[in-house]
Amino acid sequence: LDSFNRIYIRSLFWSKDKEPVNKELLRLRTKLTDLLKNNKNNFSWVIPLANEQVSADPKFSLSYYWIGSGTLDPDIIIPPAYTLAGKEFIDAYIEKLITTDPDSPELNELKNIFYDVYKAEYINTWHNFAMNFDLGIQTLRSRREWLAMIDLIASNYNPYFKVLDLMAEQLAPFSDEEQPEWLEFTDYFQEMKAYDPNAVDTTIY
């Protein structure tokens, strides 16, 4: 399919008669715009698309922070769509969709509705992850594993510190907007770290 697309694009580039091409482009743009306008779920279908296209990162799961021999709930994760990489993919994808008819008030309204919902879901996904973060202790099944984790908790590589750093990073796009109190704590933690001359970058661990 990729090879066919490249050949098709080259044929369009070298074609001397541009009128049929322009008519076909206009027809396809019109059909796409109508399809988007008639989509009752606005752009919500972009979420599963992002989850499929953006690679999952282990740092968005409990097992990245809690190391032990026990099994952790694999559903306590941050799906790719609610990460910076996922947001970048979604932003670029929707921007391309909007360019089909950039002056359309309907499309721009759908875009605004989508981002209102997406922001709430993004923040809520991280809130749920934080609220369930303690469940990571379920992987600690031996005295050795508990002692190793206690050593980490007593250091700058504390798993709670690491996830707070990650949350500050991943929730940065919404830091200048009105946010819930629990999210303000991540900013407060970063401010406190700035006063510590011995603070360590936990993201390198």
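A pocket, in the sense used here, is an open set of grid points with protein on both sides within 12 Å along at least five of seven lines. With that term in place, I shall present the structure shown above, which is a predicted model.

I begin with the chain as a whole. The chain has 8 helices and 0 strands, so the order of elements from the N terminus is simply α-α-α-α-α-α-α-α. Of its 205 residues, 31% count as buried. The accessible surface amounts to about 13,500 Å², and carbon and sulfur atoms contribute 56% of that area. Among contacts with a separation of 6 or more, 77% are between residues 24 or more positions apart.

I turn next to the largest pocket. Its space is about 230 Å³. Which helices each supply at least two residues of its lining? They are α5 (105–131), α7 (159–170) and α8 (181–194). Helix α7 gives the most, with 4 residues. The lining residues include His127, Ala130 and Met131, as well as Tyr160, Val163, Leu164 and Met167, and also Trp182, Phe185 and Thr186. By class, the lining divides into 9 nonpolar residues, 2 polar and 1 charged.

Let us now consider phenylalanine 129, which is located in helix α5. Is this residue buried or exposed? Phenylalanine 129 is buried, because its relative accessibility is 2%, and the cut-off for that class is under 20%. Beyond its neighbours within four places in sequence, phenylalanine 129 is in contact with Phe60, Ser61, Leu62, Tyr65, Ile76, Ile77, Ile78 and Val163. Of these, Val163 is also one of the residues lining the largest pocket. The C-alpha atoms of phenylalanine 129 and aspartate 75 are separated by 9.8 Å, although the two residues are 54 apart along the chain.

One of those contacts brings me to serine 61. Serine 61 sits in the loop between α3 (46–53) and α4 (84–98). Serine 61 also counts as buried, because its relative accessibility is 15%. What does the side chain of serine 61 reach at 2.7 Å? The partner is the backbone oxygen of proline 58. In addition, the side chain of serine 61 makes a polar contact with the side chain of serine 63, at 3.3 Å. Once neighbours within four places in sequence are set aside, serine 61 is in contact with Ile76, Ile77 and Phe129.

To close, Ile76 and Ile77 appear among the contacts of serine 61 and also among those of phenylalanine 129.

Methods. Residues numbered from 1 in each chain as written. Predicted model: local features only at pLDDT ≥ 70, side-chain atom pairs only at ≥ 80, totals over all residues. Heavy atoms only, no water. Buried < 20%, exposed > 50% of the residue type's maximum accessible area, 1.4 Å probe, protein only. Polar contact = N/O pair within 3.5 Å; in protein donor to acceptor, adjacent residues only side chain to side chain. Contact = heavy atoms within 4.5 Å. 1 Å grid on protein atoms, 1.4 Å probe; cavity = no way out; pocket = protein on both sides within 12 Å on 5 of 7 lines; lining within 4 Å. Points joined across faces, edges and corners; volume = space filled by probe spheres on them. Nonpolar A, V, L, I, M, F, W, Y, C, P; charged D, E, K, R; others polar. Areas by Shrake-Rupley, 256 points an atom, 1.4 Å probe, with all protein chains shown as cover.
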